[in-house]
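Biologist: Could you take me on a close look at one part of this model, the hairpin towards the end of the chain, and show me how it sits in the whole?

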Amino acid sequence: MAAIAQAEIAARAAVDWAREVAYDDSLGNAPSRIGENGPGEFKAFPEEDSTLDITVDDAQGKFNLNTLVTQGKPSARDIIMFKRLLTQLKLPNELADAVVDWMDEDDLPLPGGAESAYYLQLKVPYRAANRQLSHLGELAMVKGYTPEVLKELSPYVTVLPGRALVNVNTAVAPVLIAVFNGMPLNAAESLIASRKSARFTSVANLRERLPKIVTGVVDTDFVVESKYFTVSVISSFKHAKIRAEALLGLGEKNYWPLVLWYKVT
Ligand SMILES: [Ca+2]
């Protein structure tokens, strides 16, 4: 068999291994292996010259852009959060209007946005999707999302089905500041330090441990556990090497994770 095919089989096996990591994390047993670069123990083929580099990350540590529009309508509260993220990254607020227009069901542009009328005038014309994003790469079609912007933004945003919210146990400081109105950087950092010693077990538990300066917290703005995980794999077999990514979803009742998509990049 060609080495490239072997490398691909190993990458798919690695994604299956990652499903177990995500499942273990959802049960809260054993120390979580999420975010670690692993594994030492897993190898798809016994050959000396095959290697697997697998990272499983919590997808809900990032801001889910699909929360900006729910059932075709803009979600004002989530848009405010996204604008707070843009402000921190020193990116223009109009980017929020543009992606909301891209996803909302109507064809009426917001002040900083764009609808089909704009996209149909481009050299290669197309229409606004007017539905939620299917993957992060789709952003490149939206007004204002240049390669430079995408480079700045990508570490903090994601595209997940429906209303998958930010997990406060894994979100980085800029994402926490986006979620919580009035949270200064030092409060976000102390929250991160606090969860390192003990993760937030419930929304109520987070409320107790939140710095007093943060007010107006709404329980439905965030979660303390995740249903979605990303897997990144670098698989090499002899001279062949491939990179693959996958999204895992646990479903409502924490079933054995499904592979929602898998792609060789
Ligand atoms: Ca629209």
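Modeller: Happy to. Let me begin with the whole chain, in what is a predicted model. The secondary structure comes to eight helices and eleven strands. The chain has a radius of gyration of 20 Å, close to the 18 Å that the globule rule gives for 265 residues, so it is as compact as a globular protein of that length. Along its principal axes, the C-alpha trace spans about 60 × 55 × 30 Å. Of the 265 residues, 35% count as buried. Taking contacts between residues at least 6 apart in sequence, 60% join residues at least 24 apart.

The chain is divided into domain 1 (3-61 + 226-264), domain 2 (65-78 + 93-150) and domain 3 (169-221). Between the centres of domain 1 and domain 2, taken over C-alpha atoms, there are 31 Å.

Now to your hairpin. Strands S9 and S10 pair in the antiparallel sense over ten bridges. One of the partnerships joins Ser236 to Lys241 in S10. Two residues lie between the strands of this hairpin, and Lys238 takes a positive phi near 50° there. Why look twice at that angle? Most residues other than glycine have a negative phi. Lys238, in the loop between S9 and S10, has a positive value although it is a residue other than glycine. Lys238 counts as partly exposed because it has 15 C-beta neighbours inside 10 Å, a count between the limits of 12 or fewer for exposed and 20 or more for buried.

There is another such angle elsewhere in the chain. Gln71 has a positive phi of about 50° and is not a glycine either. Gln71 lies in the loop between strand S4 (69-70) and strand S5 (73-74). With 9 other C-beta atoms within 10 Å, Gln71 is exposed.

Back at the hairpin, S10 has a further partner: S10 and strand S11 (residues 258-264) pair in the antiparallel sense over six bridges. Here Gly249 is bridged to Leu258 in S11.

The two hairpin strands also feed the largest nonpolar core, which has 64 residues. Among the members that touch the most others are Ala14, Ala18, Phe63 and Val231. Strand S9 (228-237) and strand S10 (240-249) each supply at least two residues of this core, as do helix H1 (3-27), strand S2 (50-58), helix H2 (76-88), helix H3 (94-103), helix H6 (173-179) and helix H7 (185-197). The largest share, nine residues, comes from H1. Val175 and Leu176 also belong to the members with the most such touches. Leaving aside neighbours within four places in sequence, Leu176 is in contact with Val168, Ala171, Met183, Ala188 and Leu191.

One last stop is the stretch of chain leading up to the hairpin. Asn167, in strand S7 (residues 166-167), has contacts beyond four places in sequence that include Val223, Val224, Glu225 and Ser226. Asp58, Gln60 and Gly61 are also in contact with Asn167. The C-alpha atoms of Asn167 and Val223 are separated by 4.8 Å, with the two residues 56 apart along the chain. Asn167 counts as buried because it has 22 C-beta neighbours inside 10 Å.

Key
Residues are numbered from 1 along each chain as its sequence is written. This is a predicted model: local features need pLDDT of at least 70, side-chain atom pairs count only at pLDDT 80 or more; totals for chains, interfaces and linings use all residues. Helices (H or I, at least four residues) and strands (E, at least two) are DSSP runs, numbered from the N terminus. Two residues are in contact if their C-beta atoms, placed from the backbone, lie within 7 Å. Domain bounds come from an automatic or database domain assignment. A nonpolar core is a set of buried Ala, Val, Leu, Ile, Met, Phe, Trp, Tyr and Cys residues joined through C-beta atoms within 7 Å. Two strands pair if DSSP finds at least two bridges between them. The radius of gyration is taken over C-alpha atoms; the globule rule is 2.2 Å times the number of residues to the power 0.38.
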